[in-house]
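Here are a few friendly notes to read alongside the model. Take them one at a time, and keep the picture open as you go.

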Amino acid sequence: MKRRDFFKTAAVVGVATVGSSAFGSNVAMREPIDSRTPQKINFPEKRPMITHSNRPPLLEAPRSTFSQVITPNDEFFVRWHLPDIPTFIDTDKYAIRITGNVAKPYELTLKELKEDFEQIEVTAVVQCGGNSRSAFVPITGGVQWGSGAMGCAKWKGVRLKDVLKRAGMKEGSHWVNFNGMEKPAYDKTPDFVRELNLDELNEDVMIAYQMNDEDLPYLNGFPTRLIVPGYYSDSWVKMIKDIVVTKDHTPLFFMDQAYRIAANATHGETPDHLAKMTKPITRMNIKSFIGFPDEGAEVEFQSQLVVRGVAFDGGIGIEKVLISLDNGKTWKEAMLGIDYGRYAYRAFRYSFRPNEKGNLSIMAKAIDHLGQEQPLAKDVPWDRGGYMFNGIDIVTIKIV
Amino acid sequence: MKKIIFSTVLALSPLMAQVSQEIISPDVTYTLKEGKGLDSVQANCSMCHSFGYILNQGKQSHMFWDEKVHKMINAFKAPIAPEDIPTIVGYLSTAYGNGK
């Protein structure tokens, strides 16, 4: 057993007894899997990433990605639900159809998108609702992600409200459905369609065609993607094909059955007592993640070590990030980087000289402007879908 | 190579002239262990997803794999014949089981 594996196992054993009192006998939350490394495979426009699947593509960024406040396009995670993704898009003919309960249904070309509307930019984090799912014990449904199914980019595009305004929404409109161009292998498999209530569509929701001053990478939704700042990525529909305005909620698998959590205050439940009522996951909770150093890194005794990472939430904003070097007994404030807006990563760094040889655990905890802070991994509520894990990150290094 | 072609074409025109060639994603082989029922898994599962989806789950219980196969049938409408279900679940819980 590798040393780092020992620590992960020890941590699980350590929390099992605590978990038993809080969430029932068989729940024992742990730190997410942190032992995977990028494979030597290059997907289009991507550097080698942790490759969970090629069909549909599931690519995760390694820990080192998160020492940067803006996630480079070629390190940005990838998650598709359906296998048949177009491999050729004629950008002259490509258009988004806006239909449904509107006075003037129309097709919106890329040229019109870029010329006919006010162009806006927002820097925002997008994170899979199931990011860090491998922290959940017992195992829950879905891809067993480590913590790299997230990224932060500067998005450029137009306001969704402006696009809808041109169509002239009719009275009684309450919902908007979004469908991308990818398709399932079988006709009867539910299509990946997402629905937002008009009340959720503020000025920040946009249709983006650029990411970090480049065209959207193919695997991140070229040529257009819905940007819903503060929300988990299941709402950020890629390769947009259809926008449909409706009066009533449309029955949809990916809204009514998937991407849902317990509809109670903690959104927690236990395998033995599943919540009766559930609701879609929407706004992200507060989280931080250490990008440097890596788990298991060897660092020289008394050298200057700068811990770097990122912190974010669903739009409240990061007040501070605290670092502990003594397993949570004492916490010291990290320095925060430039504020790129309330939906962006806030970079943090913490400099110190390790003055004792041996293993050292570094913990990072973010606190928002309202005083809400991240829980320890063992205190994150379990839910059947393995969503919204935001436990305090721990990296154990060796001082030599 | 594809990446270079793709980006270059886009850079030439602000309106993104037609991408002249298809995007090609790499073939990745996720090899499953040999075992009774592997052929049934290959025939039934790989239409919709790579075997990476299976390996990603880690070693799990018989009940876990049984639930997964039924989720594929009930939620995702995979056309898996009823007689294939025990074969697939048997393979998964043997090759990727945790003894429970």
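**Notes on the domains, the chains and the sheets**

1. Before anything else, please remember that this is a predicted model. A good place to begin is the meeting of the two domains in chain A: 38 residues of domain 1 of chain A are in contact with 18 residues of domain 2 of chain A. The domain assignment places domain 1 at residues 73-280 and domain 2 at residues 287-399 of chain A. If you mark the C-alpha centres of these two domains, you will find them 29 Å apart.

2. How much area is buried between domain 1 and domain 2 of chain A? The value is about 2600 Å², and carbon and sulfur atoms give 63% of that area.

3. Now look for charged partners. The rule finds two salt bridges across the interface of domain 1 and domain 2 of chain A. A salt bridge that you can look up by name joins A:R384 and A:E269, whose closest N and O atoms are 2.7 Å apart. For polar contacts between domain 1 and domain 2 of chain A, the count is 14 residue pairs, with both residues at pLDDT 80 or more.

4. Which elements of domain 1 of chain A give two or more residues to the side that touches domain 2 of chain A? They are the strands β6 (119-127), β7 (150-159) and β14 (260-262) of chain A. Of these, β6(A) gives the most, with five residues. Sorted by class, this side of domain 1 of chain A holds 17 nonpolar, 17 polar and four charged residues.

5. Next, turn to the place where the two chains meet. Here 33 residues of chain B are in contact with 40 residues of chain A. The area buried between chain B and chain A is about 3400 Å², with 59% of it from carbon and sulfur atoms.

6. How many salt bridges are there between chain B and chain A? The count is zero. Polar contacts between chain B and chain A do occur, in twelve residue pairs where both residues have pLDDT 80 or more. On the side of chain B that touches chain A, the helices α1 (2-12), α3 (52-55) and α4 (62-74) of chain B each supply at least two residues. The most comes from α1(B), which gives three residues. That side of chain B has 19 nonpolar, nine polar and five charged residues.

7. Back in chain A, try tracing an open sheet of five strands. Its order is β17-β24-β23-β19-β20 (chain A), and its pairing is mixed. The edges are β17 (298-299) and β20 (332-333) of chain A, each of which pairs on one side only. Inside this order, β19 (residues 318-324) and β23 (residues 358-368) of chain A run antiparallel and are joined by six bridges. To find your way along this pair, start from A:V321, whose bridge partner in β23(A) is A:A366.

8. Finally, there is an open sheet of four strands in chain A, with the order β16-β18-β22-β21 and antiparallel pairing. Which strands of chain A are its edge strands? They are β16 (287-292) and β21 (335-336) of chain A, and each pairs on one side only. Five bridges link β16(A) with β18 (residues 305-312) of chain A in the antiparallel sense. For a landmark here, look at A:I290, which stands opposite A:G309 in β18(A).

How values were computed. Residues numbered from 1 in each chain as written. Chains lettered and ligands numbered in written order. Predicted model: local features only at pLDDT ≥ 70, side-chain atom pairs only at ≥ 80, totals over all residues. Heavy atoms only, no water. Domains from an automatic or database assignment. Contact = heavy atoms within 4.5 Å. Buried area = accessible area lost by both parts, 1.4 Å probe. Salt bridge = Lys/Arg side-chain N within 4 Å of Asp/Glu carboxyl O. Polar contact = N/O pair within 3.5 Å; in protein donor to acceptor, adjacent residues only side chain to side chain. Nonpolar A, V, L, I, M, F, W, Y, C, P; charged D, E, K, R; others polar. Pairing = 2+ DSSP bridges.
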